Amino acid sequence: MLPQAGEFHFLWEICSGGVEEGNAVRTFGRLTAYDARISEAILSVHRNSIDYQLRVRTSLVEPFEARIGSEYMVLGEIETSAGNIPVIQARLLMDADGVNLPLLERAVQEQRKYFQQRAARGTLETGVETNKRDV
């Protein structure tokens with residue numbers, strides 16, 4: 001069986017506990033630290049005058065050439081560490097320098113709006129709410 005494709009969640013949503021443990025997610029942020037000895041990286045993003053940081057376990061994607069200060073996209077599963085702090089176990093970690101991240105953020109928001117509207121239309125037409133999503 002193939003792993004889940006992962007749903008886009010913004011780093012601040014994950015850090016705020018908005019994603020359940022075990023869910024496959026895609027997110028992005030700036031690489032601010034990497035420790036190869038413990039296979040862990042830190043992705044950061046600044047939003048609404050708050051700095052969010054997310055730990056990423058990199059044991060499944062090593063070796064990789066970490067460039068501190070570069071933007072990275074990660075696909076992996078949410079785990080929780082001591083103190084209920086979310087961590088991503090990465091299965092894919094790629095350099096996202098050159099990607100227009102504000103445009104990507106807007107596209108994710110538009111996709112979410114579309115899925116909400118489609119679900120609302122489906123509920124009105126059938127009278128039954130569904131949780132299926134095409135990603």
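Start by selecting Ser39 in this predicted model: Ser39 has a positive phi near 50° and belongs to the hairpin of strand 2 and strand 3, where four residues lie between the strands.

Next, colour the two arms of that hairpin. Strand 2 covers residues 24–35 and runs antiparallel to strand 3, with five bridges joining them. To see one pairing up close, pick Ala33 and look across to Ile42, its bridge partner in strand 3.

Stay with strand 3 and show its surface. This strand spans residues 40–47 and is mostly covered, with six of its eight residues buried. On to the next neighbour: strand 4, residues 50–57, pairs with strand 3 in the antiparallel sense through eight bridges. Select Arg47 and you will find Ile50 of strand 4 standing opposite. The turn here has two residues between the strands, and Asn48 takes a positive phi near 50°.

Now switch to the aromatic side chains. How many aromatic pairs are there? The count comes to five. Select Phe10 and Trp12 for a stacked one, with 4.7 Å centre to centre and 10° between the planes. Both Phe10 and Trp12 are buried. Add Phe28 to the selection, and you have one aromatic cluster of Phe10, Trp12 and Phe28.

For the last stop, jump to Tyr114 and Phe115. Why is this pair called tilted? The ring centres of Tyr114 and Phe115 are 5.7 Å apart and the planes meet at 50°, which is neither under 30 degrees, as for stacked, nor over 60, as for edge-to-face, so the pair counts as tilted. Compare the surroundings too: Tyr114 is partly exposed, at 41% relative accessible area, whereas Phe115 is buried, at 9%.

Technical notes. Residues are numbered from 1 along each chain as its sequence is written. This is a predicted model: local features need pLDDT of at least 70, side-chain atom pairs count only at pLDDT 80 or more; totals for chains, interfaces and linings use all residues. Side-chain values use heavy atoms; hydrogens and water are left out. Rings of Phe, Tyr and Trp (its six-membered ring) pair if their centres lie within 6.5 Å; planes under 30 degrees apart count as stacked, over 60 as edge-to-face and the rest as tilted. Buried means under 20% relative accessible area, exposed over 50%, partly exposed in between (1.4 Å probe, protein chains only). Two strands pair if DSSP finds at least two bridges between them.
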